[in-house]
Amino acid sequence: MTDPRHDHFALFDLPPRFALDEASLEQAYRRVQAEVHPDRFAAAGAAERRVAMQWSARANEAFRTLRSPLARAAYLCERHGQPIEAESNTAMPAAFLMQQMQWREELDEARTGEREAAQALAREVEARRDEVLARVASALDERHDYADAAAGVRELHFIDRFRDELAAYLSDDSTPEGGH
Amino acid sequence: MALLQLAEPGQSAAPHQHRLAVGIDLGTTNSLVATVRHGLAEVLRDEESRALLPSIVRYLPDGTTEVGHVAQAHQASDPRNTIVSVKRFMGRGVKDVAHVENLPYDFVDAPGMLQIKTVAGIKSPVEVSAEILRMLRRRAEQSLGGELVGAVVTVPAYFDDAQRQATRDAARLAGLNVLRLLNEPTAAALAYGLDNAAEGIYAIYDLGGGTFDMSILKLTQGVFEVLATGGDSALGGDDFDHRVYCWALEQANLSLLPPSDQRLLTVKARAAKEALSSKPTTTLQARLSSGQWVNLSIGADAFAGMTQHLVAKTLAASRKALADAGLKAADVKGVVLVGGATRMPHVRRAVAELFGREPLTDIDPDQVVAVGAAMQANVLAGNRIVGDDWLLLDVIPLSLGLETMGGLVEKIVARNSTIPIARAQEFTTFKDGQTAMAIHVVQGERELVDDCRSLARFELRGIPPMAAGAARIRVTFQVDADGLLAVSARETTSGVEASVTVKPSYGLHDDDITRMLAESMGSAEADMQARALRELQVEAKRLLEATQQALATDRDLLDDAEFNRIAARMTELVERAGAGDTAALKLAIDRLAHGTEELAARRMDRSIRAALAGRRVDDVLAK
C-alpha cells in the first residue's frame, strides 16, 4: 500500500486522507516531475527513457486523481474496498432521486423564464454539493464509514452532472468576459 | 576508435563536451533555426545574414529542388511546382484543405494525407517539409561547424496526432534526431519566462501564417505548466491574405484566374496586408497575364472590417481556453504575442481588449519560438547548467477516444490532460463466440465518430470464443512527451493474450521513411547500410555513456552479480560497436538496454524519495 510505484499518496509522500493541503500536493507533484519527466532523460539510454515516461505518466495520473476532491474520495473508497462503480451501481436513495427530479423541473422552468431562477438554483446546488462533500469527508477521515463515503461519492456524480448542465445553460447567454 | 573511448565501469566518465543542438521553428510562411552558444540563444542566419527562410520549395524537371528565397522568386512564374504553406497540408486529406479550388497545385488524394504532383514526381507534404528542414540543418551544421546531436522541432499546440506524426517524419527524413516535438506557444513562454523570470498566469496568443494557438500557462519556480490550450490548426495570416485576394477579385470584376495570376494576386494581397500594419492606406497593383492591370486602394479600416470574423474566431478560441483552465481574463498576468500575423494592429487591439492589458512584444514575434526551442534543445541534449533548471509540463490539445456502438465516441483521454499520460479502459464483446474486435481510434471533441478525425483502425484477433460480454478487452492509450499516441489492446480473462500496438495511419511507416531517405540521397544500398551502422554506433555510445553515468552515481543499488552482468554486457557492446556487424550491434544494444531496465527503475525510485525528503528538509528550515 505504501509503495510509491502503486499508491498515489505514497508517491507524493502525503498522508492517505481526504483532508489535503493543496499547496503541499502541488509542490510534491512538481518535485516528482522534476525527477522523472522524460525531458530529464532525453539524452539517456532507451531503458531509462521508457521508465521515465511510465513514471511521469504515473505522477500525472496521481496528481489528477488527488487534486479533484471527488476523484480523491473515490480513490480512498476503492483503497478501502468500496469501489464506486458509478456505471453499474446506480441504486440511489429515494429522497435523493426526488430532489434530482425537482431540480430538473426547476431547470426546465428556468429555461423558459427568469435567469434569476437558474442562478438561485445554482446556489442551492452548490450548497447541497458542499453538504455532501462534508459528509464524505467525515465518513472518510473521522467515521471511517467507507460504504457511506462511497454512497456520497455516487450522489456527487449525479450532482456534478446536473451542475455542468446548469453551468452550460448559465454561460450560454452570458456576456463575454474582459473588455472593461 | 575514438568514438568508444570509455572509463572503466563504475568510474566517472570525462565531463561532457558541448553537444550541438538546435531549435527549429517549422513555420507555415517562414522557418528558422536557433541554437544556444556560450550560454546565449541566437537565431542562425544564412550567408546573406537573413534569419527567416521562406517555407517554399520549388521542384525542377531534373529532380533538384530550390528552397527558400530562390524558390520564392519563382512562385508566380512556376506556381504548380513551387509549394508554399505546405504546413497546411501536413497530415491532411484534400477534403480538409480550405479554398482548395484557389490553390494552383495538382493534388493527388492519397489515403490519410494528400500528395502533390510536381514536375519532379509526386511529393508528400512530409517530403516537402523535409526539404525545408534539410536546408536549416545544413545552415546550422555549417555555422556551428559540426554534426548536430539533435533538434527540437516546434509544432502548433493545436496540431492533432496526424499532424504531429507527419512533422516528426519530416524531421527524420531530413536526417534530424528529434529530441522533442515542442508546442510553439510553450516554446515562446520559455523564451519569455526565462528572460523575465516571470511567475503567475500567462496567456500566449500565437497567430502564425496558417495556424492559431492560445495557451494558458502557470509559471512557478521554473516549472512551466500548460493549464489549457485552444486554437485552430487551419486559421492564420494566410486567411487574411485570402480575404484581401477575394476582395480584389470582386473589386476588379475578375473571375477564374490562371494559376500564375492567382499566385501573383495572393502575393500582392499579402504585401498590402503587411503595408497596412504601418500605414492607414495602401494600393494593390498587379499586371495580370492577360495584360490587364489591377489597381486598387485599400484602407486599414476596410481591411479590419473584412477580416473581423477571423479575429473573432481567435477570440472565441481564447475564451474557451481560459474557461478550460478555470480562469478569467483578469487572472492573466501577461499576454505574449507570437507569430508574424500579430503585427496587424486590429489583432493587437482585439487581444488587448479581451485581456484588459497591453500584450508583450519585447521579443521579435517571428523569432521567439525558435529561441525557446533552442533553449529546450540545449537542455535535452545534455548541456544542462546547474541552477539554470526548468521543466515544461504540456498538455494534449484534443480528446482521444474510441468508436463504440452506433458511431458514438467513448473518450479515453480528455483534452488538456498533462502528458505523458497512459489510460486504459475495458470493453467487451457483444456477440457469442466473437473472436475479433475492430478498434477505431479517433481524436476530437464531438460526440459522433464522423465529426472527429479518424487516426487509426486495427483489429484485435485471436480472442478465445466466449459468451457475449464475458471477454475483457483492455485498450490502453499512451501519449508520450511529444504528444504522440500509441494504442494497444489486450484480452485479459483468458490465458491467451493477443496484443497489438499501432501508430496512427496518417504517419508514415518506418520502411517508407527508409525508402524516401534512400531516394532523397540518391544513394546506393551500401550507403544506406553504412549510415545505419553509424547511427547504431552513435546509439551505442549514448547508451554506454548513460549506463556509465548511472553506475557512477548508483552502483550501490546493485548486488555484485547484477553489477557484473551489466558490466559484461557493456564490454560486449564495446566490442560489437567496433566490429561493423549491424545486426550483432543492434542485438548488443538491446541486451544492454534490457539489462539496465531494473537499474533504471531503482534509480527513479531513489530520486523520487530523495526529492520528497528534500521537501521535508526545506519545511524544517522554513520553520
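This passage walks through a predicted model of two chains, A and B, starting with chain A and ending with a few local details.

Chain A is a good place to begin. It holds seven helices and zero strands, so its run of elements from the N terminus reads simply as α-α-α-α-α-α-α. Of its 180 residues, 46% count as buried. As for how the chain folds back on itself, take the contacts between residues at least 6 apart in sequence: 66% of these join residues at least 24 apart.

Two residues of chain A give a feel for its helices. His8(A) sits in helix H1, and with a relative accessibility of 9% this residue counts as buried, because the cut-off for that label is under 20%. What surrounds His8(A)? Setting aside residues up to four places away in sequence, His8(A) touches Arg58(A), Glu61(A), Ala62(A), Thr65(A), Leu66(A) and Tyr75(A). With one of these, Arg58(A), the side chain of His8(A) makes a polar contact of 3.2 Å. Helix H3 of chain A covers residues 46–67, so Arg58(A) belongs to H3(A), and the polar contact ties H1(A) to H3(A).

Arg163(A) is the other example, and it belongs to helix H7, which spans residues 146–172 of chain A. Here the relative accessible area is 28%, so Arg163(A) is partly exposed. Once neighbours within four places in sequence are left out, Arg163(A) is in contact with Val125(A), Glu126(A) and Arg129(A). For a sense of distance across the chain, the C-alpha atoms of Arg163(A) and Val32(A) are separated by 34 Å, with these positions 131 residues apart along the sequence.

Next comes the place where the two chains meet. The size of an interface is often given as the accessible area lost when the parts come together. By that yardstick, chain A and chain B bury about 4,200 Å² between them, and 55% of this area lies on carbon and sulfur atoms. On the chain A side, Arg30(A), Asp39(A) and Arg40(A) lose the most area to chain B, together making up 15% of what that side buries. In terms of residues, the contact draws 45 from chain A and 53 from chain B.

What kinds of pairing bridge the two chains? There are five salt bridges between chain A and chain B, and one of them joins Arg50(A) to Glu597(B), with the closest N and O atoms 2.2 Å apart. Eleven residue pairs are in polar contact across the same two chains, counting pairs with both residues at pLDDT 80 or more. Three helices of chain A, namely H1 (8–11), H2 (22–36) and H3 (46–67), each supply at least two residues of the side that touches chain B. The largest share comes from H3(A), which gives 15 residues. Sorted by type, the residues on this side of chain A divide into 23 nonpolar, eight polar and 14 charged.

Over in chain B, helix H10 takes up residues 368–380, 13 in number, and reaches 19 Å from its first C-alpha to its last, close to the 18 Å expected at 1.5 Å a residue. Is H10(B) enclosed or open to the outside? The helix is largely enclosed by the rest of the structure, because 13 of its 13 residues are buried. Just after H10(B) comes Gly382(B), with a positive phi of about 100°.

A few backbone details round out the picture. In chain B, the peptide bond from Ile419(B) to Pro420(B) is cis, its omega being near 0°. Pro420(B) lies in the loop between strand E21 (408–413) and strand E22 (421–427).

Positive phi values also turn up in residues other than glycine. One is Asp13(A), with phi near 55°, placed in the loop between H1 and H2 of chain A. With a relative accessible area of 31%, Asp13(A) is partly exposed. Another is His38(B), where phi is near 50°. His38(B) sits in the loop between strand E2 (30–37) and strand E3 (40–43) of chain B, and at 77% relative accessibility this residue counts as exposed.

Notes
Residues are numbered from 1 along each chain as its sequence is written. Chains are lettered from A and ligands numbered from 1 in the order in which they are written. This is a predicted model: local features need pLDDT of at least 70, side-chain atom pairs count only at pLDDT 80 or more; totals for chains, interfaces and linings use all residues. Side-chain values use heavy atoms; hydrogens and water are left out. Contact means heavy atoms within 4.5 Å. Buried area is the accessible area (1.4 Å probe) that two parts lose on being put together, summed over both. A salt bridge is a side-chain nitrogen of Lys or Arg within 4 Å of a carboxyl oxygen of Asp or Glu. A polar contact is a pair of N or O atoms within 3.5 Å; within protein, one must be able to donate a hydrogen and the other to accept it, and residues adjacent in sequence count only if both atoms are side-chain atoms. Helices (H or I, at least four residues) and strands (E, at least two) are DSSP runs, numbered from the N terminus. Ala, Val, Leu, Ile, Met, Phe, Trp, Tyr, Cys and Pro count as nonpolar, Asp, Glu, Lys and Arg as charged, and the others, Gly among them, as polar. Buried means under 20% relative accessible area, exposed over 50%, partly exposed in between (1.4 Å probe, protein chains only). The expected span of a helix is 1.5 Å times one less than its number of residues.
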